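Work through the exercises below with the sequence and the model open. Each task is followed by a solution in steps.

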Amino acid sequence: MVVPPDTGSSSNIDILHEIGSRFAASDPLHTVLERVLQFVTAIIQCDSCFIYVLEDHALVLRASKNPHTDVVDRLTMRVGQGITGWVAEHRQPVAIAREAFEDPRFQVFNELPEDRYEAFLSVPVLCRGRLVGVINVQHRRPREHTRAEIQLISTIGFLVGAEMELARLEVENSELAERLETRKVVERAKGILQRDLGITEEEAYLAIQRQSRQRRKSKREIAEAILIGEELRRGKVGP
């Protein structure tokens, strides 16, 4: 567990050194984002903190200080949409002291009570000049964010950008490997069905798809069952 820095007694240099040492380790994306949340909310005592990650040209809400299990990993917005999207598009921070919901750039999401919060600070997260994500900090009551606070949160965005990007790429590579493995298993299963049932490749795929729907299992699970059945027939599985 990360212990947030004591901003009341630590200098900004101490804070940044703490962040750098903590982010030296290679961890899963959500672990990295949780550490970012802890540091940001330790520096600015806020009522809400969101972290959006850029994925496939869209911003995905991946972490939240407040529990939002229904929208985290699901809520997305376009670059340019809302204040968050504006920050992503222009790669510049935005600080609004009061009535942020009245800003013409503001985008309302009915799932989020934070839509009615007064103060809003949003900064881009960059890696080698490329956008990685956006950090949003919100307050229920009006609040002036100091220049030092904006610079410090922006600097954190620069520091964690590379770590967030590496963690995101690891997730992406893992998902790609999983899809490739699933494709290989399904291809082998289709070949078995084609041979045993005398059907075409398309018919074999539709058969697997149909069983997947009827049994409420993934196509990979159905394909693996077919492969196990083949191995049993060949006597390759046994005590």
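**Exercise 1. Helices against the sheet**

Task: Find the strands that helix α3 lies across, and give its direction relative to β5.

Solution. Helix α3 covers residues 82–90. It lies across β1, β2, β3, β4, β5 and β6, where contact means heavy atoms within 4.5 Å. Relative to β5, α3 runs at about 35°; axes are lines fitted to C-alpha atoms, for helices over the stretch in contact, and angles run from 0 to 180 degrees between N-to-C directions. Helix α2 lies across β1 (48–55), β2 (58–64) and β6, at about 140° to β1. Helices (H or I, at least four residues) and strands (E, at least two) are DSSP runs, numbered from the N terminus.

This is a predicted model, in which local features need pLDDT of at least 70 and side-chain atom pairs count only at pLDDT 80 or more, while totals for chains, interfaces and linings use all residues. Residues are numbered from 1 along each chain as its sequence is written, and side-chain values use heavy atoms, with hydrogens and water left out.

**Exercise 2. The sheet**

Task: Write down the order of the strands in the sheet and identify its edges.

Solution. Start with the inventory: the chain has six helices and six strands. From the N terminus the elements follow the pattern α-α-β-β-β-α-β-β-β-α-α-α. The six strands make an open sheet, ordered β3-β2-β1-β6-β5-β4, with antiparallel pairing. At the edges are β3 (76–78) and β4, each of which pairs on one side only. From one strand to the next the twist averages 25°. Two strands pair if DSSP finds at least two bridges between them. As a general point, strands of a sheet pair through backbone hydrogen bonds, either parallel or antiparallel.

**Exercise 3. Strand β5 and its neighbours**

Task: Describe the pairing of β5 on each side, then the cover of its residues.

Solution.

1. Toward β4 (residues 94–96), β5 is joined by three bridges, and the two strands run antiparallel. V94 is opposite S122 of β5.
2. Toward β6 (residues 130–139), the pairing is also antiparallel and extends over nine bridges. Here P124 faces V134, and V125 stands opposite G133.
3. β5 and β6 form a hairpin with two residues between them. In that turn, R128 has a positive phi of about 55°.
4. β5 spans residues 119–127, and nine of its nine residues are buried. Buried means under 20% relative accessible area, exposed over 50%, and partly exposed in between (1.4 Å probe, protein chains only).
5. A119, L121, V123, V125 and C127 point one way, F120, S122, P124 and L126 the other way, and all are buried. C127 counts as buried because its relative accessible area is 18%.

**Exercise 4. Helix α2**

Task: Check the length of α2 against the expected span, then find how much of the helix is covered.

Solution. The expected span of a helix is 1.5 Å times one less than its number of residues. For the 15 residues of α2 that gives 21 Å, and the end C-alpha atoms are 21 Å apart, so the two agree. The helix is mostly covered, with 12 of its 15 residues buried. Among them are L29, V32, L33 and R35. Q38 lies in this helix, which covers residues 29–43. Its relative accessible area is 16%, so Q38 is buried. The C-alpha atoms of Q38 and C49 are 9.6 Å apart, at 11 residues along the chain.

**Exercise 5. Cysteines**

Task: How many disulfides does the structure contain?

Solution. A disulfide is a pair of cysteine sulfur atoms within 2.5 Å. A search of the whole structure finds zero. For C46, the nearest cysteine sulfur is that of C49, 5.3 Å away, and C46 is in no disulfide. C46 counts as buried because its relative accessibility is 4%.

**Exercise 6. Positive phi in loops**

Task: Where do D73 and R91 lie, and what is the phi of each?

Solution. Most residues other than glycine have a negative phi. D73 has a positive phi near 75° and sits in the loop between β2 and β3. At 38% relative accessibility, D73 is partly exposed. R91 has a positive phi near 55° and lies in the loop between α3 and β4. Its relative accessible area is 39%, so R91 is partly exposed.
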